[in-house]
Amino acid sequence: MTCDPTFRRSLLTIPVVVLAAGMLGCAMSSAQASTNELPSPRVLSSGNHWAENADIAIRADGSSIAAWEESGTADSPRAIKVAAQDEFGRWGDARTLSTGTTSARLPKIVTNGTEVSVAWQQGLTGSERIMLAEFEGEWKSPRALSTKHCADVELAMDSAGTTSLSWIRHGVGEASAVEFAQEKPAGSFHTQTLTDGSESAK
């Protein structure tokens, strides 16, 4: 079986603290591949923590990288976590991408095979901003790409590593709008509004 390097999928149903790893055999070791067996699931999130809304991407060497939101209890602020396999299918320790004390939720992850981008929404309920963290040999500090009141982020990456995102800005007293941001050669992002404001966007 071959795996598209840009393949990503959401884990729609997972146990609260367990993320299924090596799905569909994309990150099997050579021994596992020869017997056509799936590897055993691996617990990536912290023990006794609440973890959900996971997303996963497959890099060019077949290794997986996963992102999810996690908190100590169902009511405490969420943090965005990420963990990656090496080329032999061994999972490294999870690390926290999000910063600050407000909840970070609903991560999306994408790769062009080597570089990786993770986007999420973060802030007080109803006032979230769109955040982005990028991996180019090492993780860069996350940055805000939007104003407040934004959610429902989607992202993509082309073969050159250029990241593009869209999200919904929920206006206060005005129509909701679709906004789009694309990475420029110098690493900055250009943002524009795609809807004209005459009607709310979803």
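## Strands 10 to 12

Glu-154 has Ser-166 of strand 11 as its bridge partner. This pair belongs to a predicted model, and it is one point along the antiparallel pairing of strand 10 (residues 150-157) with strand 11, which are joined by six bridges. A further pair of partners is formed by Leu-155 and Leu-165, the latter in strand 11. The hairpin of strand 10 and strand 11 has five residues between the strands, and within this hairpin Gly-161 adopts a positive phi near 95°.

Strand 11 also pairs with strand 12 (residues 177-183), again in antiparallel fashion and through six bridges. Ser-166 takes part here as well, standing opposite Phe-180 of strand 12. Ser-166 is thus a partner of Glu-154 and also faces Phe-180. Strand 11, which spans residues 163-169, is mostly covered, with six of its seven residues buried.

## Overall architecture

The chain contains one helix and 13 strands. Read from the N terminus, the order of elements is β-α-β-β-β-β-β-β-β-β-β-β-β-β, which places the helix directly after the initial strand.

Of the 202 residues in the chain, 42% are buried. The accessible surface amounts to about 10,500 Å², and carbon and sulfur atoms contribute 50% of that area. When contacts between residues at least 6 apart in sequence are considered, 40% of them connect residues at least 24 apart.

## The four-stranded open sheet

Strands 6, 7, 8 and 9 form an open sheet in the order 6-7-8-9, with antiparallel pairing. Its edges are strand 6 (104-111) and strand 9 (143-144), each of which pairs on one side only. Strands of a sheet pair through backbone hydrogen bonds, in either a parallel or an antiparallel arrangement.

At the strand 9 end of this sheet, strand 8 (residues 129-135) and strand 9 run antiparallel and are joined by two bridges. Within this pairing, Met-131 stands opposite Ala-144 of strand 9.

## Nonpolar cores

The largest nonpolar core comprises 15 residues. Those with the most contacts inside this core are Ile-65, Leu-97, Ile-109, Val-116, Val-118, Trp-120 and Trp-139. Two or more residues are supplied by each of strand 3 (64-71), strand 4 (79-84), strand 6, strand 7 (116-122) and strand 8. Apart from this core lies another, of 13 residues, which includes Val-110, Leu-132, Cys-150 and Met-157.

The surroundings of Ile-65 can be described in detail. With neighbours within four places in sequence left aside, Ile-65 is in contact with Asp-55, Ile-56, Ala-57 and Arg-59, with Val-82, Ala-83 and Ala-84, and with Trp-91, Ile-109, Val-116 and Trp-139. Among these contacts, Ile-109, Val-116 and Trp-139 are also listed with Ile-65 among the core residues that have the most contacts.

## Polar contacts of Glu-69

Arg-78 lies in the loop between strand 3 and strand 4. Its relative accessible area is 11%, so Arg-78 is classed as buried, the cut-off being under 20%. The side chains of Arg-78 and Glu-69 are joined by a polar contact of 2.5 Å. Beyond four places in sequence, Arg-78 also contacts other residues, including Trp-50, Glu-52, Glu-70, Ser-71, Thr-102, Ser-103, Ala-104 and Arg-105.

Glu-69 has a second polar contact, of 2.9 Å, between its side chain and that of Asn-53. Asn-53 is located in strand 2 (residues 50-58) and is partly exposed, at 29% relative accessibility. Leaving out residues up to four places away in sequence, Asn-53 touches Ala-67, Trp-68, Glu-69, Arg-105, Leu-106 and Pro-107. The C-alpha atoms of Asn-53 and Leu-106 are 5.8 Å apart, although the two residues are separated by 53 residues in sequence. Arg-105 appears among the contacts of Arg-78 and also among those of Asn-53.

## The loop before strand 2

Gly-47 is situated in the loop between helix 1 (30-35) and strand 2. With a relative accessibility of 58%, Gly-47 counts as exposed. Gly-47 and Gly-72 are 25 residues apart along the chain, and their C-alpha atoms are separated by 9.2 Å.

Notes:
Residues are numbered from 1 along each chain as its sequence is written. This is a predicted model: local features need pLDDT of at least 70, side-chain atom pairs count only at pLDDT 80 or more; totals for chains, interfaces and linings use all residues. Side-chain values use heavy atoms; hydrogens and water are left out. Buried means under 20% relative accessible area, exposed over 50%, partly exposed in between (1.4 Å probe, protein chains only). Contact means heavy atoms within 4.5 Å. Accessible areas come from the Shrake-Rupley method with a 1.4 Å probe; for residues, only the protein chains shown count as cover. Two strands pair if DSSP finds at least two bridges between them. A nonpolar core is a set of buried Ala, Val, Leu, Ile, Met, Phe, Trp, Tyr and Cys residues joined through side-chain atoms within 4.5 Å. A polar contact is a pair of N or O atoms within 3.5 Å; within protein, one must be able to donate a hydrogen and the other to accept it, and residues adjacent in sequence count only if both atoms are side-chain atoms.
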